[in-house]
Each structure stands twice: as structure tokens, then as C-alpha cells.
Amino acid sequence: MKKMFLPLLVPTLLGVSACTPSSDSTPQNQTAKKEMPAASNFDSVYNNISDADIREPLKVLSSDEFEGRLPTTEGEKKTIDYLVSEFTKAGLKPGNGDSFLQKVALMEITADPDMTMTIGDNSFVYKEQMVASSKREQSSVSLEDSELVFVGYGVNAPEYDWNDYEGLDVEGKTVVMLINDPGFENPKSGKFQGTTMTYYGRWSYKYEEASRQGAAGAIIIHETAPASYGWSVVANSWSGPQYGLVSADKGASRVAVEGWLTLDAAKKVFADAGLDFDTEKANAMKGPYSKAMDIKASVTVKNTFKKSESNNVIATLPGAEFPNEHIIYTAHWDHLGKDESKEGDQIYNGAHDNATGTAAILAMAKAYSNLTPAPKRSVSFLVVTAEEQGLLGSKFYASNPVIPIENTVANINMDAMNVLGKTKNVAVVGMGKSEMEDYLEKAAAKQGRSLTQEDRPEAGYYYRSDHFSFAKQGVPALYAEGGNEPADEETAKYRKRMNVIVTGCYHQVCDQYRDDWDLSGIVQDTQMLFDVGVGVANADAWPKWNETSEFQRKY
């Protein structure tokens, strides 16, 4: 059965015009980007953003007391209480009526780790060679002798003339697919965006597309380079409680089982099917590709599940002239909680990811509250839940906005900020997408810095943090951070030493606050993004997406 999917995020590529307001006098339709005068004390406020403003909340939020900030736990309660207290101290107003909170209904599903996946004559061990889970609200979900079909990259992208599912009927079958997209390892082919990952390379898209195609199961083959993270990240992130937004169909529209296989395990499966993995992968890179594997998979996922509530936190500084128009800063407060089955340290403190961004947003809120006069437009600070579970907090907000999307001028995201000292450059994630980069370039130049593309565009970071939820709704969204060029020799030496310590700590228990962290890079970036926001808040016109961007305003 052939099923077509026309992605909502690429209307211009498909020849569909974005909706625009009817009046040319509205700010978003003006082409000039003249800025209104900044606050009379802007320079003083800018310069007063300090290490202390960031270090204290960073230390608090990443402490063992906050238990790794897992949504719906005691760690969440402590986190949101702290955030509300700090926003209140800064003099900001509740962003959701008379409340600082937006309730987010989550479905928590925990798979019993006592499971084995059998494919052909091979039995694979949970977390060691495979992980499997289900988004369905059922106590037991099984694949029983489900036929495997290799579907290349698992991509159905009409605008790239690519459909790995062309002519296939995968109803009731389990699809096996590669991570990333066809451009990554074949950049000279001109396919997709070369080594820069598109949304089609993300694991979340692959499971969603397999579900749309009617598959019973979907298995992604893990490889470190194209995934941009090692197997331990998969094992840690896809085990334990998994969250999704509450759905009307109780997850019935999702594939029954979503899983990953290590590369070594996948090669065994291909060999048992009489296929050579490297050959099949090479075929998948050339063009849309699929192949029946003539081998079957079985696994039973036993679930415990419960509905729960988490919270986004939102605070607002009302604008002086256009209070209904908002610039929204985002960061995610959540992390992975704790794993009581581990020996020794059990807490995933998430200091870098993302106590840094949350601490910086508090410093940002304090700075805005000290501006005299306030910016022309309102500035809101949205600290979201469940980013680690698939951007759920921001996804919920974007679908249920407190501030109407048509009144949302721009989004500036702050995630996993720079703990390696000041830099000469600014890495723009998803460079070239919108006019927000014009404001960023000006703010960076004030610091003697230049804009560069992110280090690893193949990792698809633009699609991996909360700004993406706004971009999909048509809101110009900026994500930029300290680059890779140290400001001076002393910083270079520190950077080299600290990199040895923190490398490999992403989603590990070693992501902890360190007293010897040089936070001057976070201060530098916070000042810069403060400057960007003030510029947008006082400008005559709203920023626009570039014409070549896959995103455009819908309102």
C-alpha cells in the first residue's frame, strides 16, 4: 500500500504559499528593519550580566537535590518552584494569565527491561545490542514473526524526489532503516543537503513515517558518525520511563514497537538474511531503495503506563508599546533523572544539558527587568519540560500556545551553552535560515566576533532542540552558541584541558557542575542574545525567514 506524506514544514518547496496578514501596515509585512532607540541604560544592563548571575542557578539546578530534573518527579517540583521564585524576584509577571505554569499532559510509559529481541537465529540483549519500546497504551505489545523489510533511510520526501516506500506494502511488517539521511555519506551526490542533516535524518521522523506507512515495527540501525552520538546515548535515553503527549487514540496510530539495533547486531541480521550490510547500505545511498529480507523478528514489550502532568514555565515582561507582540526565549529545564539500578553515582545531573541554558535564561530575565524603559514589545521566557523525550514541552506549547502564534515575533533558544570560555566566533545552528541572523551578526560584531556555521551540521542540531517546535509553526527561530575559536591562548589551554574532562558526558552521570568551569563564554553569549532580543523587540518590522528556508510564516 502506497501512502504519501506531504510535510507541513516545507510549504514553499511544495509550492504552497504561507498565509500572510491582510494589512500591509502590520509590522510583519514591513520590509525596513529600522530599530527604535534602545533603553537609556542598555549598556549598563548589558555589561552587568555576570558570572554570578549564571553560576548560582546553574549550581542549584544541577545539584543532587534536584535529582536530575526528570519530569513528573520530586525533581520537577523543586525545579519549577525554583524557577517561579526566581522569575518573581526578577519582577516578571506570570505568562499564562495569573499563573507562571502551563500544564502539559504526558503519558509515561516504562518498558520492562527483561526483554529479548529475536531475529532469525539471533537473540539480542536489551541495552547491550538493542532497545525496544512502544508508544501504545497497552500492557503488552508484541511483534511475532514479523517480516523484516530494509527500507534504506526510511524517507518519503516528495520535494527531494525520494521515497524509500515507493510501491511497498509494509502493513504488519517491521521496517529496518539507516540513521541520518541520504546526503550524509554521499555529499557529492547532490542529494538532500549534503552533510547537513535535514529533518528526514532524525529518528523521530523515521518512526513517524513508518507509522504513517502502516508498519508494525520500526528498527533504526545505530552508527555513531551519522547519528552523532554513541550507543550509550541510545541505551540511556531509550530505557527507563519514556514520555509522550497524551493522544486521543492511545498511541494506536504509532507502530507497535520502536527500536534500535547496534551496528554489529544489524550486520549479523543482514548476514543471516543472506545480505551484506555494506552493499545494501551503498545501494540505499544511491537512490530510493527497499528490499525484503526474508527473515523475521519477535519481541514482547511489557509496559507500565500512567498519565501524568508536567509543566512548562512562562514569565513575561510586558512591552511598553506593543504588549501583544512577543519575543520568546526558550530553554528546557528537564533532564534524565536518576537510575537506581546503577552502582555508584545514579543521578543524571544535566549541568551542561541544560542547567546552563536555564540559568542563562534567568540571568536574561533579570537583565530585561532592569531596562529603563522596557522594550516596545513584550519579552517572554518559556522554560519547557520533556525536551529530552522528543521536544514534548515545546511541541505541546506550539500546539497550545499561551501567546498566539500570529503574535509571536521570534524565538531565541538557549540549550547546552558554552562552558569552555570566550570565543572569537559564534556558531549558528542551521545557518542561513532567517533575518534573525542579521541581528545576531550585529550583536556579535559588537563583541568583536564573527558568525560561522556550526561545527557539525550533519548532526541536525537545528531539529534537535526546542526552537524547532516554533520553526514548524512559521516563527523565525534562532539557535546560536559560542564557537570553536578560543578568545586567547589562555582560554585555548583551558579549553583543551576541560575538553578532556567533559568529553563523553552527554547524557551521562558525569554531566555535573564543576567549580572550575569558565563561564565567561556563557556570559558572552547571554549578552549577545540579550542584544539580539532587544533589537527585535524595538525594531519597526518583524524578522522574516529567508526565501531559501524550508520554513515560512503561516499567519
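**Exercises on a predicted model**

Gly430 counts as buried, since its relative accessibility is 12% (buried is under 20% relative accessible area, exposed over 50%, partly exposed in between, with a 1.4 Å probe and protein chains only). The model is predicted: local features need pLDDT of at least 70 and side-chain atom pairs count only at pLDDT 80 or more, whereas totals for chains, interfaces and linings use all residues. Residues are numbered from 1 along each chain as its sequence is written, and side-chain values use heavy atoms, with hydrogens and water left out.

**Exercise 1. The surroundings of Gly430**

Task: Locate Gly430 in the chain and identify the residues in contact with Gly430, leaving aside neighbours within four places in sequence.

Solution.
1. Gly430 lies in the loop between β19 (425–428) and α11. Helices (H or I, at least four residues) and strands (E, at least two) are DSSP runs, numbered from the N terminus.
2. With neighbours within four places set aside, Gly430 is in contact with Glu437, Glu454 and Tyr462 (contact means heavy atoms within 4.5 Å).
3. A separation can also be given: from Gly430 to Asp345 there are 85 residues in sequence and 36 Å in space, C-alpha to C-alpha.

**Exercise 2. An enclosed space**

Task: Give the volume of the second largest cavity and name the residues that line this cavity.

Solution.
1. The search covers the whole structure and yields 3 cavities of 30 Å³ or more. A cavity is a set of points, on a 1 Å grid over the protein atoms alone, where a 1.4 Å probe fits but cannot get out; lining residues have an atom within 4 Å of a point. Points are joined across faces, edges and corners, and a volume is the space filled by probe spheres set on them.
2. For the second largest cavity, the volume is about 40 Å³.
3. Its lining consists of Val428, Val429, Gly430, Lys433, Ser434, Met436, Glu437, Tyr462, Ala477, Leu478 and Tyr479. Two elements, α11 and β21 (477–482), each give two or more residues to this lining.
4. Strand β21 provides the largest share, 3 residues.

**Exercise 3. Three salt bridges**

Task: For the pairs Glu258 with Lys135, Lys338 with Glu340, and Asp525 with Arg449, give the N to O distance and state the exposure of Glu258, Lys135, Lys338, Glu340, Asp525 and Arg449.

Solution.
1. There are 15 salt bridges in the structure (a side-chain nitrogen of Lys or Arg within 4 Å of a carboxyl oxygen of Asp or Glu).
2. In the bridge between Glu258 and Lys135, the closest N and O atoms are 3.7 Å apart. Distant parts of the chain are linked here: Glu258 belongs to strand β12 (residues 257–261), and Lys135 to the loop between β5 (130–133) and β6 (140–150), 123 residues apart.
3. Glu258 is buried because its relative accessibility is 3%; Lys135, at 25%, is partly exposed. Both belong to a network of salt bridges that also links Arg254.
4. Lys338 and Glu340 form a salt bridge with an N to O distance of 3.8 Å. Lys338 has a relative accessible area of 40% and is therefore partly exposed, while Glu340, at 59%, is exposed.
5. Asp525 and Arg449 form a salt bridge with an N to O distance of 2.9 Å. This pair, too, links distant parts of the chain, 76 residues apart: Asp525 in helix α14 (residues 520–538) and Arg449 in the loop between α11 (436–446) and β20 (450–453). Both residues are buried.

**Exercise 4. A buried charge without a salt bridge**

Task: Identify the nearest side chain of opposite charge to Asp353.

Solution.
1. Asp353 is part of helix α9 (residues 351–369).
2. Asp353 is buried but has no salt bridge; Arg69 is the nearest side chain of opposite charge, 6.7 Å away. In this count Lys and Arg are positive, Asp and Glu negative, and His and the chain ends are left out.
3. Beyond four places in sequence, the contacts of Asp353 are Arg69, His332, His335, Glu388, Asp415, Tyr506, His507 and Asp511.

**Exercise 5. Helix α4**

Task: Determine how many residues of helix α4 are buried and which elements are among those that cover them.

Solution.
1. Helix α4 (residues 203–212) is mostly covered, with 8 of its 10 residues buried.
2. The buried residues are Trp203, Ser204, Tyr205, Lys206, Tyr207, Glu209, Ala210 and Ser211.
3. Their cover includes β7 (156–157), β9 (174–178), β10 (217–221) and β12.
4. After α4 comes Gly214, which has a positive phi, near 85°.

Notes: 1 Å grid on protein atoms, 1.4 Å probe; cavity = no way out; pocket = protein on both sides within 12 Å on 5 of 7 lines; lining within 4 Å.
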